[in-house]
Amino acid sequence: MALKHIDEYRDAALSRPLIDKINRISRTPARLMEVCGTHTVSIFRSGIRSMLPDTVSLLSGPGCPVCVTDQKEIDAFIALARLDDVIVTTFGDLMRVPGTLSSLQKEKADGGDIRIVYSTTDAVEIARKNPEKQVVFLGVGFETTAPTIAASISTARRLGLDNYSVYSAHKLVPPALDALMANPQAQIAGFILPGHVSVVIGLDAYRPFFETHRIPCVVAGFEPVDLLQALAMLVEQIEGGAPALANAYGRAVTAEGNPIARKLLDEIFEPADVAWRGIGVIPQSGLKIREAFSDMDAEKIFDIQLPESRDPKGCACGEVLTGTKTPPECPLYKTICTPIDPVGPCMVSTEGTCAAYYKYYDDR
Amino acid sequence: MKFDKILLDHGSGGKISHSLTRDLLLPIFGNPILDDLNDGAIVELNGLRLAFSTDSYTVDPIFFPGGSIGDLAVNGTVNDIAMCGGNPQYLSVGLIIEEGFSLEDLETILRQMAAAAEKAEVTVITGDTKVVPKGAVDKIFINTSGFGIIPDAVRVGSTRAAVGDKIILSGTMADHGATIVTQREGLSFESAVASDSAPLNHMVARMFAAGPQIHVLRDPTRGGVGTALNEIAEKSAVGIRIVEEAMPVKKEVAGICELLGFDPLYLANEGKLLAFVAPSDAERVLEAIRADEFGKDAAIIGEVIDGRPGQVVMLTRIGGQRIVDMLTGEQLPRIC
């Protein structure tokens with residue numbers, strides 16, 4: 001199953017003119033933030049950083065789902081995994097994230113029934129096959145994956161399952177952009193907006209944010225040519241003094257997004273004020289399960305005891321997520337915080353900014 | 001957080017596995033031969049140099065496209081001996097079988113082991129069988145050990161990489177790892193991928209016949225090519241530069257990796273080798289590998305560079321440069 005049309009977007013002949021253009025026209029020092037963790041990794045993996053002029057610096061934003069998950073929520077996941085007769089299902093990223101006292105990985109080694117799934121369909125299937133157990137899916141992520149989790153709730157309802165639930169720790173991107181702009185220290189001059197999130201919510205979802213802040217914003221795809229195209233557009237907007245909300249991922253992103261996914265989101269979830277790690281509570285920036293589906297809301301069903309949650313001491317994840325520090329500026333980075341023994345979530349997730357720096361950043 | 005329990009990551013072949021070896025096993029067993037941490041031990045007995053290696057095999061599923069736990073167990077040890085420059089001759093086989101395991105499956109596995117041994121021209125000369133209660137192991141675990149004599153002129157080891165060496169990969173990356181992942185997850189794709197499980201001892205013999213200046217041999221199994229290159233860079237205290245464009249990967253495997261968020265650099269190979277060869281011999285050795293039935297897609301993927309000791313860098317397809325780090329723990333499927 002060879003995937004088509006990948007090579008074109010990694011083509012040196014297509015990327016070279018874009019790199020040349022960025023180097024030619026960029027004059028003004030500009031801090032540009034890629035909001036999405038997959039962008040961060042793609043930028044590092046393709047070596048884009050090594051080819052940009054000194055005027056362009058890239059900041060990695062709060063778009064790594066695991067990284068922005070509040071410590072209390074991680075602790076709640078771990079507490080769920082300790083309950084008898086509960087099977088916890090999750091995407092792989094969460095396994096190693098340290099909570100206040102433990103991690104899912106350690107709970108699994110201790111005998112907790114924790115299963116990594118590729119899709120919520122698998123989680124529902126596990127619930128169907130284990131009627132004597134309660135199956136909880138840990139709903140972490142942005143608008144990208146939230147529809148598939150909404151679909152699992154809707155499917156479980158249709159199948160009449162009474163042993164499937166979701167702990168919803170979902171986050172929304174546009175409110176986070178507002179929160180980032182509220183922090184002048186970050187000095188963000190433009191945003192590379194996430195690709196997959198935008199496939200779901202559409203370009204117009206950023207319109208209110210753009211009208212408020214009039215800052216260059218370009219939606220980008222994930223291949224090197226996509227990202228370079230977006231960077232070239234941002235630099236062009238900055239040099240021309242003409243900020244715009246633009247789309248460099250036209251083959252996937254429309255103005256209105258995916259209406260079916262949006263409808264499903266709205267049916268199952270409602271926006272809520274939620275806490276982001278390192279940022280704090282952002283109004284209407286999370287998705288909680290609507291009352292009509294509260295029988296599948298793990299947060300309401302289970303009575304779990306949480307330790308007094310505390311964020312790891314000295315960890316600069318919060319500053320890193322908001323663009324006010326780069327990982328090498330954190331005193332723990334590469335000293336006591338490494339992927340083997342991570343202190344904060346940004347070092348754990350493959351999409352975490354600190355892990356990406358650790359893995360790919362050339363500091364020589 | 002420090003570990004007080006064994007995690008699956010400790011078996012991943014990446015950094016966390018290394019820390020287990022370094023912090024627990026070496027302090028207890030350490031000696032000059034073990035401390036080398038090669039694929040096998042190299043010992044001198046009565047003027048003969050022997051390569052001795054052992055490996056235990058657990059794989060889920062036990063049968064997969066391109067092989068089974070049986071041929072994996074034979075090929076793996078044959079290859080470990082070959083990577084020490086040894087000519088593998090004799091193997092031992094230890095079986096740990098779960099109560100209730102199908103006799104028919106056992107016979108199939110044993111026959112596949114025999115076929116693999118015949119192909120590699122090694123003989124199984126001793127063995128052991130244990131049966132444990134249901135649940136004490138998952139179906140069947142196999143240990144094989146073996147040894148081979150290292151010819152006089154052959155001097156290979158992971159500390160011997162030299163500036164200027166060309167790095168050859170004997171074929172496409174990640175075939176085995178991608179196959180196991182898709183089988184384990186029950187993912188079916190239009191065009192099947194298959195494990196590359198194969199014996200490499202005949203290929204190695206051809207290589208030494210073609211060009212003696214081979215400094216390092218390594219089969220990039222667990223942890224993949226990325227981890228193996230890092231180990232060599234570290235142990236030889238040299239820098240390594242690889243070229244993304246030159247790395248052979250099957251289109252199907254690349255597609256699976258894209259979909260599941262895996263990096264082929266860190267997925268296991270069971271029938272591939274990395275060779276560090278002096279530039280004067282590189283082309284001849286490459287031709288010798290390509291002439292072997294398991295080396296048709298071999299390519300020079302990079303070279304050993306001056307500076308950056310211990311580091312692996314990659315020239316990316318679009319002309320950028322980045323670090324290639326060692327695998328940390330198991331690669332896990334991501335959120336999005």
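A salt bridge here is a side-chain nitrogen of Lys or Arg within 4 Å of a carboxyl oxygen of Asp or Glu. The views below come from a predicted model.

**View 1. Salt bridges where chain A meets chain B.** By that rule, four salt bridges cross the interface of chain A and chain B. One of the pairs to look for joins Asp9(B) and Arg96(A), whose side chains come together at 2.6 Å, N to O. Counting polar contacts between the two chains gives nine residue pairs, with both partners at pLDDT 80 or more. On the chain A side, helices α1 (12-25), α2 (37-46), α3 (65-68), α5 (104-109), α11 (224-240) and α15 (353-360) each bring at least two residues to the surface that touches chain B. Sorted by class, that side of chain A has 26 nonpolar, 13 polar and 15 charged residues.

**View 2. The whole contact between chains A and B.** Stepping back a little, chain A puts 54 residues into the contact and chain B puts in 45. The size of an interface is often quoted as the accessible area lost when the parts come together. For chain A and chain B, the buried area is about 4,400 Å², and carbon and sulfur atoms give 57% of it.

**View 3. The Cys64(A)–Cys67(A) disulfide.** Over all chains, the structure holds one disulfide. Cys64(A) and Cys67(A) are its two ends, with the sulfurs 2.2 Å apart. The link is right-handed, with 70° about the S-S bond. How buried are the two ends? Cys64(A) counts as buried because its relative accessibility is 2%, and Cys67(A) counts as buried too, at 1%.

**View 4. Cysteines Cys330(A) and Cys84(B).** Why is there no bond from Cys330(A) to Cys315(A)? The closest cysteine sulfur to that of Cys330(A) is in Cys315(A), but it lies 5.9 Å away, so the gap is too far for a bond. Cys330(A) is buried, with a relative accessible area of 10%. Over in chain B, Cys84(B) has 4% relative accessibility and therefore counts as buried.

**View 5. Helix α4 of chain A, tucked inside.** Helix α4 covers residues 71-81 of chain A, and ten of its eleven residues are buried, so the rest of the structure largely encloses this helix. Which residues are the buried ones in α4(A)? They are Gln71(A), Glu73(A), Ile74(A), Asp75(A), Ala76(A), Phe77(A), Ile78(A), Ala79(A), Leu80(A) and Ala81(A).

Terms used. Residues numbered from 1 in each chain as written. Chains lettered and ligands numbered in written order. Heavy atoms only, no water. Buried < 20%, exposed > 50% of the residue type's maximum accessible area, 1.4 Å probe, protein only. Helix = DSSP H or I, 4+ residues; strand = E, 2+ residues; numbered from the N terminus. Disulfide = S-S within 2.5 Å. Contact = heavy atoms within 4.5 Å. Buried area = accessible area lost by both parts, 1.4 Å probe. Polar contact = N/O pair within 3.5 Å; in protein donor to acceptor, adjacent residues only side chain to side chain. Nonpolar A, V, L, I, M, F, W, Y, C, P; charged D, E, K, R; others polar.
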